[in-house]
Amino acid sequence: MSWSGFKKAVNRAATTVMQSTGAVDKTIDKDFEEEERRFKNFEGKVERLHKEAKGYLDSVRAMTLAQRQIAETVDLFYDNDAPPALTQSVMHYRDAISKLDDEVRTELDEVYRMAVLDPLGKMVGTFPDVNEAIKKRQKKLLDYDRARSSVRRLVEKPSDDTEKLPKAEQETNQAREIYESLNNQLLTEIPKLIDLRVPFLDPSFEALAKSQLRFNEQAFKRLDVIRSDFANSLGVNGSGDVENAAAQADHRLEGNTEAALAAMRELTICGSH
């Protein structure tokens with residue numbers, strides 16, 4: 001920081017303290033305060049949406065990867081000694097999960113980034129500039145309030161130096177022009193930025209919903225191809241009551257699991273548990 005910048009920072013800090021004690025008048029701009037509140041609210045919502053949208057894509061990646069790893073691990077249990085029908089079912093399951101990760105998730109990745117994450121990221125990228133402009137406005141407002149206070153003191157208690165008051169008034173006018181220019185710019189630009197939600201964010205929201213729908217439809221399509229494998233294992237033909245047979249199979253599976261656990265408990269190595 002330059003010496004000039006350091007002096008300005010000190011003067012602004014002193015002005016802030018003096019305003020808190022009432023020694024220096026503080027400019028109150030209700031219109032700007034309302035726009036700043038609206039901007040902060042908008043900023044928080046967009047940043048949260050961007051974070052959650054990115055989290056969704058990361059979660060889908062993690063889910064499809066976990067499914068693929070499970071399928072590959074399950075495949076290790078079924079070698080040449082396993083029943084051919086069961087081995088084929090596991091192979092079909094592994095292939096379906098691989099396609100889900102390779103094709104469906106990859107497609108989601110590309111579309112989701114282009115239509116959802118990138119627009120949201122660009123919107124979030126504008127916020128630092130706005131916040132910097134708000135900070136600059138506040139600094140210029142402090143300069144203006146300090147200059148107004150100097151003029152007021154010289155009017156109330158004239159100086160022997162007759163040039164001081166005209167000079168202070170000139171500095172005040174310059175400070176006011178700078179402040180009002182920044183203030184008016186923000187009062188104009190902040191509403192425009194918030195209004196961009198309609199043409200900028202609403203399409204991203206629509207793309208988000210559609211991409212989720214397409215991913216789930218395509219995921220169902222990939223997994224539905226192995227329905228016949230499970231139907232055959234349940235002893236159901238294409239026109240059978242799959243849901244009823246599935247319920248019966250769940251009941252049998254529960255009984256088989258209990259029987260297997262009982263057999264394990266009878267093993268000597270598990271006897272102490």
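Which residues of H2 are buried? In this predicted model, for which local features need pLDDT of at least 70, side-chain atom pairs count only at pLDDT 80 or more, while totals for chains, interfaces and linings use all residues. Residues are numbered from 1 along each chain as its sequence is written, and side-chain values use heavy atoms, with hydrogens and water left out. The buried residues of H2 are Phe 32, Glu 35, Phe 39, Phe 42, Glu 43, Val 46, Ala 53, Leu 57, Val 60, Thr 64 and Ala 71. Here, buried denotes under 20% relative accessible area, exposed over 50%, and partly exposed in between, with a 1.4 Å probe and protein chains only.

The secondary structure of the chain consists of seven helices and zero strands, in the sequential pattern α-α-α-α-α-α-α. These elements are DSSP runs numbered from the N terminus, helices being H or I runs of at least four residues and strands E runs of at least two. The chain has 273 residues, of which 28% count as buried. About 18400 Å² of the chain is exposed, and carbon and sulfur atoms supply 55% of that area; accessible areas come from the Shrake-Rupley method with a 1.4 Å probe, and for residues only the protein chains shown count as cover. When contacts (heavy atoms within 4.5 Å) between residues at least 6 apart in sequence are considered, 83% join residues at least 24 apart.

The end C-alpha atoms of H2 are 67 Å apart, in agreement with the 68 Å that its 46 residues should span at 1.5 Å a residue; the expected span is 1.5 Å times one less than the number of residues. At the start of H2, a side-chain oxygen of Asp 29 comes to within 3.2 Å of the backbone nitrogen of Asp 31. The cover over the buried residues of H2 includes H3, H4 and H5.

For H3, with 73 residues, the expected span is 108 Å and the end C-alpha atoms are 102 Å apart, which agrees. H3 nevertheless contains a kink of about 50° centred on Arg 113, the bend at a residue being the angle between axes fitted to the seven residues ending there and the seven starting there. Glu 103 also belongs to helix H3 and is partly exposed, with a relative accessible area of 38%. The C-alpha atoms of Glu 103 and Arg 222 are 10.0 Å apart, although 119 residues separate the two in sequence.

Helix H4 (residues 164-195) comprises 32 residues and reaches 47 Å from its first C-alpha to its last, close to the expected 46 Å. Its buried residues include Ala 168, Tyr 179, Leu 186 and Leu 193, and among the elements covering the buried residues of H4 are helix H2 (30-75), helix H3 (84-156) and helix H5 (197-224). Asn 183 is likewise located in helix H4 and counts as buried at 6% relative accessibility. The side chain of Asn 183 is joined to that of Asp 29 by a polar contact of 3.0 Å. A polar contact is a pair of N or O atoms within 3.5 Å; within protein, one must be able to donate a hydrogen and the other to accept it, and residues adjacent in sequence count only if both atoms are side-chain atoms. Beyond its neighbours within four places in sequence, Asn 183 is in contact with Asp 29, Phe 32 and Arg 137.

The largest nonpolar core has 30 residues, and Tyr 112 and Phe 127 have the most contacts inside it. H2, H3, H4 and H5 are the elements that give two or more residues to this core, with H3 giving the most, at 13 residues. Such a core is a set of buried Ala, Val, Leu, Ile, Met, Phe, Trp, Tyr and Cys residues joined through side-chain atoms within 4.5 Å. In soluble globular proteins, nonpolar side chains tend to be buried together. With residues up to four places away in sequence not counted, Phe 127 touches Phe 39, Phe 42, Glu 43, Val 46, Glu 47 and Leu 193.

Lys 210, placed in helix H5, is exposed, with a relative accessible area of 51%. Its C-alpha atom is separated by 9.6 Å from that of Tyr 112, 98 residues apart along the chain. Val 225, in the loop between H5 and helix H6 (227-233), is exposed as well, with a relative accessible area of 55%. A distance of 8.2 Å separates the C-alpha atoms of Val 225 and His 92, which are 133 residues apart along the chain.
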